[in-house]
Amino acid sequence: MLIITIKQGKEKPLLAGDPWIYLSAIERVDGKPQELKKPGATAVVQSSSRQFIARAAYNARSQIAARVWTLREDEPIDHALIKRRVQAALQRRMGPWRTADPQALFQLVDGEKDGLPGLLVHRYGGADGFLVCQFNAAGVELWKVAVVQALLKETGCPNVYERCDQLLREGEGLAFFPRALAGDEPPQKLMVREGKRLAPMDIRTGFTYPR
């Protein structure tokens, strides 16, 4: 496992809940070369006095060098954690979603707020609708299979589509490859409610067509 050593005094924002670690805050990163080059590899974050601070996803290719998974030393980063985090996020929002307009894009997972840095998930439609996911950081990219499995199980929605923000993914050193991850791909044009009006949108990209 990688070990990230934080410069003296730079650990305070992390202990206060900041989930991002910038390169300027890092004293050094130790580990095997193949792990150092692997975007999203799990790392132990420690203070300059070698005290445990966090576990994080490390990405040498990103300006945000690491994104915190947990501040608990006894909490491993594994499939079980990812599935628990997805489940908890959905439980917080599935109630409001069930009463929401099925033609609205309703957010089910909100990245760092849900302990899943870089992951955004929106739902459109009813039981046979679509989940639109964005994996905007290398850490959640590595756990994509676990994320999709949890989404399918917890929502019952059969269709999961990966939407890609090219600039964000390039900044993380990730490939640009939008596609259906489960079930069917959304149609190119759907009517989506934005506030009080319906507008034609390609939910695969977020592009709103001229009226």
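A search of the whole predicted model finds one cavity of 30 Å³ or more. The volume of the largest cavity is about 40 Å³. Its lining is made up of Gly40, Ala57, Tyr58, Asn59, Ile64, Ala65, Ala66, Arg67, Ala137, Ala138, Gly139 and Glu172. Three elements, β5 (52-58), β6 (64-70) and α4 (138-142), each supply at least two of these residues. Strand β6 gives the largest share, with four residues. By residue class, the cavity lining divides into seven nonpolar, three polar and two charged residues.

The largest pocket holds about 220 Å³ of space. It is lined by 14 residues, and Ile64, Arg67, Asn136, Leu168 and Glu172 are the closest to its centre. Ile64, Arg67 and Glu172 also appear in the lining of the largest cavity. Two elements, β6 and α6 (166-171), each supply at least two residues of the pocket lining. Here the largest share comes from α6, with three residues. The pocket lining divides into five nonpolar, six polar and three charged residues. Strand β6 thus recurs: it supplies at least two residues to the lining of the largest cavity, and at least two to that of the largest pocket.

An unreviewed UniProt entry carries the annotation "domain: PUA" for residues 2-91. Over residues 2-91, helix accounts for 23% of the chain and strand for 37%. The end C-alpha atoms of this stretch are 33 Å apart. Several residues that line the largest cavity have numbers within the annotated range, among them Gly40, Ala57 and Ile64.

Beyond the annotated range, three strands form an open sheet. Their order is β12-β13-β14, and the pairing is antiparallel. Strands β12 (190-194) and β14 (207-208) stand at the edges. Each has a single partner strand, so one side of each is left without a neighbour in the sheet. Strands of a sheet pair through backbone hydrogen bonds, in either a parallel or an antiparallel manner. Strand β13 covers residues 197-202 and is joined to β14 by two bridges. These two strands run antiparallel. Within this pairing, Met201 has Thr208 of β14 as its bridge partner.

Key
Residues are numbered from 1 along each chain as its sequence is written. This is a predicted model: local features need pLDDT of at least 70, side-chain atom pairs count only at pLDDT 80 or more; totals for chains, interfaces and linings use all residues. Side-chain values use heavy atoms; hydrogens and water are left out. UniProt positions are given in the numbering used here, feature names are shortened, and annotations may be inferred rather than shown by experiment. On a 1 Å grid over the protein atoms alone, a cavity is a set of points where a 1.4 Å probe fits but cannot get out, and a pocket is an open set with protein on both sides within 12 Å along at least five of seven lines; lining residues have an atom within 4 Å of a point. Grid points are joined across faces, edges and corners, and a volume is the space filled by probe spheres set on the points. Ala, Val, Leu, Ile, Met, Phe, Trp, Tyr, Cys and Pro count as nonpolar, Asp, Glu, Lys and Arg as charged, and the others, Gly among them, as polar. Two strands pair if DSSP finds at least two bridges between them.
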